[in-house]
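Welcome, and thanks for taking a look at this one with me. Below is a short tour of a pocket, a core and a couple of residues worth finding on your screen.

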Amino acid sequence: MKTYKTFGIATVVIGILTVFMLESCSTEQVTAYKNKSGAQLWGENCIRCHNTPSPAAYNDTDWSTIGLHMRVRANLSKEQSEKIFDFIKSAN
């Protein structure tokens, strides 16, 4: 019985610490990318994983489809994705 009580307390403490850590990380990340341009986000997120095609390689419709795909695959927020693909479309 004592083991279950100790395990329960440890689980609650770890859960609370995890929530605080995630909250602080997400606030810092949101603040960091809000001040970045689409070009900066493109350089930090897209180029680090793969070669990128020329913006002229696809039309705006194709880039919108690619944007939806990469938003999920790269775990980008909606705002990050919009900034990146607005930048690419502006260079198209």
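Let's start with the second largest pocket, where H4 supplies the largest share of the lining, six residues. Please keep in mind that this is a predicted model. From the pocket we move on to the nonpolar core, and then to two single residues.

**The second largest pocket**
- The volume of the second largest pocket is about 160 Å³.
- Two elements each give two or more residues to its lining: helix H3 (60-73) and helix H4 (78-90).
- If you would like to pick out the lining, select Trp63, Ser64, Gly67, Leu68, Arg71, Lys78, Ser81, Glu82, Phe85, Asp86 and Lys89.
- Sorted by class, this lining holds five charged, three polar and three nonpolar residues.

**The largest nonpolar core**
- Nine residues form the largest nonpolar core: Tyr33, Leu41, Cys46, Trp63, Met70, Leu76, Ile84, Phe85 and Ile88.
- H3 and H4 are the elements that give two or more residues to this core, and H4 has the largest share with three.
- Trp63 and Phe85 belong to this core and also appear in the lining of the second largest pocket.

**Two residues to zoom in on**
- Met70, a member of the core, is in contact with His50, Asn75, Leu76 and Phe85, leaving aside neighbours within four places in sequence.
- Asn45 sits in helix H2 (residues 38-45).
- With a relative accessible area of 14%, Asn45 counts as buried, because that value is under 20%.
- Beyond residues up to four places away in sequence, Asn45 touches Leu76 and Ile84, and both of these partners are part of the largest nonpolar core.

Notes. Residues numbered from 1 in each chain as written. Predicted model: local features only at pLDDT ≥ 70, side-chain atom pairs only at ≥ 80, totals over all residues. Heavy atoms only, no water. 1 Å grid on protein atoms, 1.4 Å probe; cavity = no way out; pocket = protein on both sides within 12 Å on 5 of 7 lines; lining within 4 Å. Points joined across faces, edges and corners; volume = space filled by probe spheres on them. Helix = DSSP H or I, 4+ residues; strand = E, 2+ residues; numbered from the N terminus. Nonpolar A, V, L, I, M, F, W, Y, C, P; charged D, E, K, R; others polar. Core = buried A, V, L, I, M, F, W, Y, C linked by side-chain atoms within 4.5 Å. Buried < 20%, exposed > 50% of the residue type's maximum accessible area, 1.4 Å probe, protein only. Contact = heavy atoms within 4.5 Å.
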